[in-house]
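Subject: A structure for you to look at

Hi there,

Here is the structure I promised to pass on to you. Have a look around it first, and then read my notes below.

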Amino acid sequence: MITCVLAVFLGNAQTKEWRPVYTSKWDHLLSSPDNKNSILGVLCTEASITVLDSTRTHYKIRVSNGDVGYIAKQPLDTRMFSKRSAGEPAQYFYRGPEGQQGPHLYVQVAELRVRNQPSTEGKIVRKARLNEHTSLDYYPLYNDGWVYIGDHFHEQPEYIQAKYLGMELTYAELLKAYLKVKDKDITEELNAASRLREIGWSSNKADLLQALRYYKESWERSGQTNPKVDIEFELLLASKLQNLDYEAYEMEMRKLSMYYLIQGRRLWDGKIAEREAADLNLKKVKDIPDSPECGWEPLFFYRSADLILAFEENYPAKNKMVGSVYSMNFAEQHAVVLGKEIIDGSYSERAFVTKFGHLLTVDWAASPHYYRIANGDAGFFAITFKNGVPVAFESVYYC
């Protein structure tokens, strides 16, 4: 549920004077209090609103996407109780199969641009994923209306057009839609192929390969190219992911003997000493913001602008402190070494996938690309690639 507090949303402006209140029942937003048919949109139960004025029968309000209109007077509250009023339209405010979730819908197009204003003139802040879960409290019923999907406080505003939202899609549905237009209408076929490709990356391995192959066929048939998609590289990655063998995983990782090169010094997880951190001119600090509070709990850290080493007590050898690379930017003289491969700031993403793709999992829909390598049962190592080269490394431990 969108619960904007501490700011008034005036057009695209925000002020600290905004104090939201919440509706007690779902209702239509009217452009005129005297005309029940002048419907602008629909509000869910406990929608966050700003009361601008009132008449004897109506409140004049501003809603989350900036629309201004009228609702019939009803009890309002300064808090939310996760209630739903009778008759709330599920086609706009789906609450999950059990009916207990907050109101939401799903993104139904590929590479949907999310903007910081409810206008095509707004700055693009990111791209929403196909099937992305979007919470909303107001749905416009006029053509090309926008919905607010940003943070609860409107500090990082995000808007998308309502016409691109609907129920969650399945791979089977999108495959059927693609085959229906294949070889008939090339524009519709390319749109369908794009949606199929995107959902393929969140489906099983067989579906992924099929989706990418259909995507390639469609674009080749069209005689066009999509400069935003390197389909040959995606096919390479997808084929490597097919070969993930968990039984051989641990053995192969041991053979690779992963370590770090920091200013020419070799550092090994579990064997990094305090004196090595000091020799690298890293500053000792007690804690790092947002470090985990469960699982692996380092006692202290050494850090620089591009590197954080985390230390904990090595219990088999009492009073001996050993460290691990907690996070690292691929700055000059920083590298991760896997076998014979030195992965530094100029290392190719294609080379990384070619060599180690069978060991990886990846959230391909995210940008930049975030590759994970399992670290036994403890967690995983993650390498982020941006524009084809690595930019960051981190150790993630499970809670």
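What follows is a short tour, from the whole protein down to single residues.

**The whole protein**

Please keep in mind that this is a predicted model. The average pLDDT of the protein is 89, and 91% of the residues score at least 70. Residues 1–17 need some care, as the pLDDT there is below 50. In the model this stretch still has 67 contacts beyond near neighbours in sequence.

If you count secondary structure elements, you should find seven helices and 28 strands. The C-alpha trace spans about 75 × 60 × 40 Å along the principal axes. Of the 399 residues in the protein, 46% are buried. Taking the contacts with a separation of 6 or more, 53% are between residues 24 or more positions apart.

**The largest pocket**

Next, try to find the largest pocket, which has a volume of about 890 Å³. It is lined by 26 residues, and those closest to its centre are Lys 228, Trp 364, Ala 366, Ser 367 and His 369. Which element gives the largest share of the lining? That is E11, with three residues. At least two lining residues come from each of E11, H2, H4, H7 and strand E27 (379–386). Sorted by class, the lining has 13 charged, nine nonpolar and four polar residues.

**Helix H4**

One of those pocket elements, H4, deserves a visit of its own. This helix covers residues 231–241, and its buried residues are Ile 231, Phe 233, Glu 234, Leu 235, Leu 237, Ala 238 and Leu 241. Here is a useful idea for reading such a list: an α-helix has 3.6 residues a turn, so residues three or four places apart point the same way. What do the buried residues of H4 pack against? Their partners are three helices, H2 (186–200), H3 (205–222) and H7 (349–356), together with strands E25 (360–363) and E26 (369–375).

**Two residues with a positive phi**

Most residues other than glycine have a negative phi. Glu 46 has a positive phi, near 60°. You will find Glu 46 in the loop between strand E5 (39–43) and strand E6 (48–54). With a relative accessible area of 5%, Glu 46 is buried.

Ser 257 also has a positive phi, near 50°. Its loop runs between helix H5 (246–256) and strand E17 (259–262). Is Ser 257 buried or partly exposed? Its relative accessibility is 34%, so Ser 257 counts as partly exposed.

**Gln 74 and Glu 132**

Gln 74 sits in the loop between strand E8 (68–72) and strand E9 (104–107). Because its relative accessibility is 7%, Gln 74 counts as buried. The side chain of Gln 74 reaches the backbone nitrogen of Lys 25 at 3.2 Å. Setting aside neighbours within four places in sequence, Gln 74 is in contact with Thr 23, Ser 24, Lys 25, Asp 27 and Tyr 59. Tyr 59 is 15 residues from Gln 74 in sequence, and their C-alpha atoms are 8.7 Å apart.

Glu 132 is in the loop between strand E11 (124–128) and strand E12 (133–135). Its side chain reaches the backbone nitrogen of Arg 129 at 3.0 Å. Beyond residues up to four places away in sequence, Glu 132 touches Leu 105, Tyr 106, Val 107 and Arg 126. Why does Glu 132 count as buried? The cut-off for buried is under 20% relative accessible area, and Glu 132 is at 18%.

**Val 396**

The last stop is Val 396, in strand E28 (residues 389–397). With 22% relative accessibility, Val 396 counts as partly exposed. Leaving out residues up to four places away in sequence, Val 396 touches Tyr 370, Ala 378, Gly 379 and Phe 380. From Val 396 to Phe 381 the C-alpha to C-alpha distance is 6.1 Å, with their positions 15 residues apart in sequence.

Enjoy exploring!

Best wishes

Terms used: Residues are numbered from 1 along each chain as its sequence is written. This is a predicted model: local features need pLDDT of at least 70, side-chain atom pairs count only at pLDDT 80 or more; totals for chains, interfaces and linings use all residues. Side-chain values use heavy atoms; hydrogens and water are left out. Helices (H or I, at least four residues) and strands (E, at least two) are DSSP runs, numbered from the N terminus. Buried means under 20% relative accessible area, exposed over 50%, partly exposed in between (1.4 Å probe, protein chains only). A polar contact is a pair of N or O atoms within 3.5 Å; within protein, one must be able to donate a hydrogen and the other to accept it, and residues adjacent in sequence count only if both atoms are side-chain atoms. Contact means heavy atoms within 4.5 Å. pLDDT is the predictor's confidence in each residue, from 0 to 100. On a 1 Å grid over the protein atoms alone, a cavity is a set of points where a 1.4 Å probe fits but cannot get out, and a pocket is an open set with protein on both sides within 12 Å along at least five of seven lines; lining residues have an atom within 4 Å of a point. Grid points are joined across faces, edges and corners, and a volume is the space filled by probe spheres set on the points. Ala, Val, Leu, Ile, Met, Phe, Trp, Tyr, Cys and Pro count as nonpolar, Asp, Glu, Lys and Arg as charged, and the others, Gly among them, as polar.
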